[in-house]
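Trainee: Please take one loop position in this model and examine it closely. I would then like to see how its surroundings connect to the rest of the fold.

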Amino acid sequence: MSRRPHESRTQTQTHTHPYASEVAPHAAADLYALLCDAMVAGDTKAIDALLTDDCVLTHMTGYPQPKVEWLGDIANGAMRYHSHEVVSVQLDTIAGFPVVRGRTRTTATLWGGRGTWNLQIVGYVVPDADPDTEHNPTGFRFSRLDASTW
């Protein structure tokens, strides 16, 4: 069979992160839902089970807060999440890395100021190397969280 001049014999390959094919959309969405529920409950043990040890939450202010510090702020009441209304949850990729892009309307008291924000969290998803099925049955964890408004 002959090829037309514009037809290529080679295929373009896209490079995705090795974890991308492992992340089932329902597991990633479940991971995000568990995070939102644990934040409102103030359940730092549950949040801890959803994040890798080196996870950093970058706040909408640009402040990169290590997991241990964030959990401490939740435990001591400096950050209190009162409610959330999920608007959308999408599985996406950034530079080939699997992410969950969740949007909520979140009411919280953060360092003394209470408000309701259109909060977007982009969570980078990795396989769970140390499963905690009691608090996290998804098989995945977030390795990074980026918060912003939408």
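Mentor: Threonine 52 counts as buried because its relative accessibility is 15%; buried means under 20% relative accessible area, exposed over 50%, and partly exposed in between, with a 1.4 Å probe and protein chains only. The model is a predicted one, in which local features need pLDDT of at least 70 and side-chain atom pairs count only at pLDDT 80 or more, whereas totals for chains, interfaces and linings use all residues. Residues are numbered from 1 along each chain as its sequence is written, and side-chain values use heavy atoms, with hydrogens and water left out.

Threonine 52 is located in the loop that connects α2 to β1 (56-58). Helices (H or I, at least four residues) and strands (E, at least two) are DSSP runs numbered from the N terminus. Once neighbours within four places in sequence are set aside, the contacts of threonine 52 (heavy atoms within 4.5 Å) are Lys67, Val126, Arg141, Phe142 and Ser143.

Aspartate 48, a residue of helix α2, offers a second view of this region. Aspartate 48 is classed as partly exposed because its relative accessibility is 33%. Residues up to four places away in sequence aside, aspartate 48 touches Lys67, Leu71 and Arg141. Phenylalanine 142, listed above among the contacts of threonine 52, is separated from aspartate 48 by 94 residues in sequence but by 10.0 Å in space, C-alpha to C-alpha.

Helix α2 (44-50) in turn helps to cover the buried residues of α1, as do α3 (67-75), β3 (79-94), β4, β5 and β6 (140-149). Those buried residues are Ala27, Ala28, Leu31, Tyr32, Leu35, Cys36, Ala38 and Met39. Helix α1 comprises 17 residues, 25-41, and extends 24 Å from its first C-alpha to its last, close to the expected 24 Å; the expected span is 1.5 Å times one less than the number of residues. After α1 comes glycine 42, with a positive phi near 65 degrees.

The strands that take part in this cover are joined in succession. Strands are said to pair if DSSP finds at least two bridges between them. Strands β3 and β4 run antiparallel and are joined by 14 bridges; tyrosine 81, for instance, has alanine 108 of β4 as its bridge partner. Two residues separate the strands in this hairpin, where alanine 95 adopts a positive phi near 55 degrees. Burial is extensive in β4, with 11 of its 14 residues buried.

From β4 the pairing passes to β5, again antiparallel, over 12 bridges. Threonine 106 is bridged to tryptophan 117 of β5, and glycine 102 to isoleucine 121 of β5. The hairpin of β4 and β5 also has two residues between its strands, and tryptophan 111 in the turn shows a positive phi of about 50 degrees. Nine bridges then link β5 to the antiparallel β6, among them one between proline 127 and phenylalanine 140 of β6.

The structure contains one aromatic pair. Its members are phenylalanine 97 and tyrosine 124, tilted at 50 degrees between the planes and 5.6 Å from centre to centre. Rings of Phe, Tyr and Trp (its six-membered ring) pair if their centres lie within 6.5 Å, with planes under 30 degrees apart counted as stacked, over 60 as edge-to-face and the rest as tilted. The pair connects distant parts of the chain, since phenylalanine 97 belongs to β4 (residues 97-110) and tyrosine 124 to β5 (residues 113-127), 27 residues apart. Phenylalanine 97 and tyrosine 124 are both buried.

Set against the whole chain, these details belong to a fold with three helices and six strands, in the order α-α-β-β-α-β-β-β-β from the N terminus. Of the contacts with a separation of 6 or more, 57% involve residues 24 or more positions apart. Among the 150 residues, 39% are buried.

Confidence varies along the model. The mean pLDDT (the predictor's confidence in each residue, from 0 to 100) is 87, and 84% of the residues reach 70 or more. Residues 1-15 remain under 50, and the model gives them three contacts beyond four places in sequence.
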